[in-house]
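Let's take a walk through this model, with a stop at a pocket, a surface patch and a couple of backbone oddities.

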Amino acid sequence: MEQQFPRTTVGGVSLSRMLIGTNWMLGYSHTSASADEMIRRRYDSAEAFKPVLETYLRHGVDSIMAPLGNSPDLVRALDETEQKLGREIIRIDTPYLNMDDTPQGRREAEDEVKASARRGAKFCLIHHSCAEQLVNKNLGQICRLDDYTKMIRDAGLIPGLSAHMPELVVYSDKNGCDVETYIQIFNCMGFLMQAEIEAVASIIHNAKKPVMTIKSMAAGRCSPYVGLTFSWNAIREQDMVTVGAFSPQEAEEDIEISLAAIEHRFPDMEKRASPVQEAQRRQPAHRPAPGDGILLPGPAGPPLPGACPRPVGNPGGGPLPGPGPGGERPAAGPGELPAGICRGGRPGPVPPRHRPGPFPPGRARRPALGLPLFRHQRPGRQLHRLRPEALTPTRERSPLLSFFIFPLPFFLLLCYNQCLQTNVEVGKS
């Protein structure tokens, strides 16, 4: 059985601390009209909603927030998923109510609340665009709010406020309004927030009722790991985070990231794809071909024309013996070539500064790149496929040439100084 998500209590009802968001199933992307259309094309029937809903339910996320009146297909998908899995999905409806202070406006608002109850909602949170019409900042009040919360109670639902405006939380608590929870925008980027992140965090922490935070990933503007880790660590244990997903795979990732944030561990999730990984996956393992100039340890391949895979007379691949006490090298044995000569390569002496010396056992000098490396192998290792150009001996600079080059800068400096003195004298005259 999958790990079940932690729970909280709102108005006497047990809810999962993660709420199922529906913007990315109903077509409210907060990015572009084309993205909205893409979402609506994918979720064009009740069957399209079911895989995502079932993924959430398997992890104990059984509470959903949505304007249920905008999508009959979603309501039907909720009913059929409950029947299939035998588990109730707690519905938090955010209906749009007519807030006109007229008999007709009140009648329409009451009809919409009753329709919310018929759709199976347990919570009715007045949409922020409606509730904010009642705010009086001068008095610090939400005028006539009790009229609508009474309609909700009379319909058998639990009232709450969708408070995009953070003042609604403060005014409601201050005036003792009959609400059991609040919806509040809260994310690490301040997206759509009407106050600074620290100010909203303070309002959430001081709220008298549990808070349902939304836009945790700033509508896709930050990664799930960043957005969810921030939200879960910046709210109280009784508060909730609303998380929407476009696919069952996204829902699985969001749930794992959220559980990891609550448990203070790193999430167990796959790495994102990259062009380099795709290229490496599709291409076979590359083994350097003869002549490409790459040195690899391993069994020697067939020698190239003009190249020496390893020194003749040293089949073990270990370091060659150093010079004797008098500086001379051991004489070549039968079938061997003198030092500095490679069969099939170019003859020539090994440059003095690269001759192997009496190093400690098991170690060998690490030569510079591009030199005849086959004379300085480590014990038990073989270097092969050398380029013939690497066997060319280093040419030493002529002493006579150094004699003329060394004083040249001083001579030029002397000439320049003499020219300056001449110009000064001409100027004075």
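Before we start, a word on labels: helices (H or I, at least four residues) and strands (E, at least two) are DSSP runs, numbered from the N terminus. Keep in mind, too, that this is a predicted model.

With those labels, find the loop between β8 (141-142) and α7 (145-154), where Arg-144 sits. Arg-144 isn't a glycine, yet its phi is positive, about 65 degrees. Most residues other than glycine have a negative phi. His-264 does something you can set beside that: its phi is about 60 degrees, again positive and again without being a glycine. You'll find His-264 in the loop between α11 and α12 (275-282). How open are these two spots? Arg-144 counts as partly exposed because its relative accessibility is 25%, while His-264, at 64% relative accessible area, is exposed.

Now for the largest pocket, which holds about 1,200 Å³ of space. Of its 47 lining residues, Asn-23, Trp-24, Ala-219, Val-243 and Gly-244 come closest to the centre. Which elements each supply at least two residues of the lining? They are α1 (23-26), β4 (63-66), α10 (224-234), β12 (240-244) and α11 (248-263), and α11 gives the most, with four residues. As for chemistry, the lining is a mix of 22 nonpolar, 16 polar and nine charged residues.

Helix α10 also carries Val-226, which takes us out to the surface. There, Val-226 joins Tyr-225, Phe-266 and Met-269 in a nonpolar patch, and together they have about 380 Å² of accessible area. Val-226 itself is partly exposed, since its relative accessible area is 42%.

Definitions and conventions:
Residues are numbered from 1 along each chain as its sequence is written. This is a predicted model: local features need pLDDT of at least 70, side-chain atom pairs count only at pLDDT 80 or more; totals for chains, interfaces and linings use all residues. Side-chain values use heavy atoms; hydrogens and water are left out. On a 1 Å grid over the protein atoms alone, a cavity is a set of points where a 1.4 Å probe fits but cannot get out, and a pocket is an open set with protein on both sides within 12 Å along at least five of seven lines; lining residues have an atom within 4 Å of a point. Grid points are joined across faces, edges and corners, and a volume is the space filled by probe spheres set on the points. Ala, Val, Leu, Ile, Met, Phe, Trp, Tyr, Cys and Pro count as nonpolar, Asp, Glu, Lys and Arg as charged, and the others, Gly among them, as polar. Patches are made of residues with over 30% relative accessible area and no salt bridge: like charges are joined within 9 Å, nonpolar side chains (Val, Leu, Ile, Met, Phe, Trp, Tyr) within 5 Å. Accessible areas come from the Shrake-Rupley method with a 1.4 Å probe; for residues, only the protein chains shown count as cover. A salt bridge is a side-chain nitrogen of Lys or Arg within 4 Å of a carboxyl oxygen of Asp or Glu. Buried means under 20% relative accessible area, exposed over 50%, partly exposed in between (1.4 Å probe, protein chains only).
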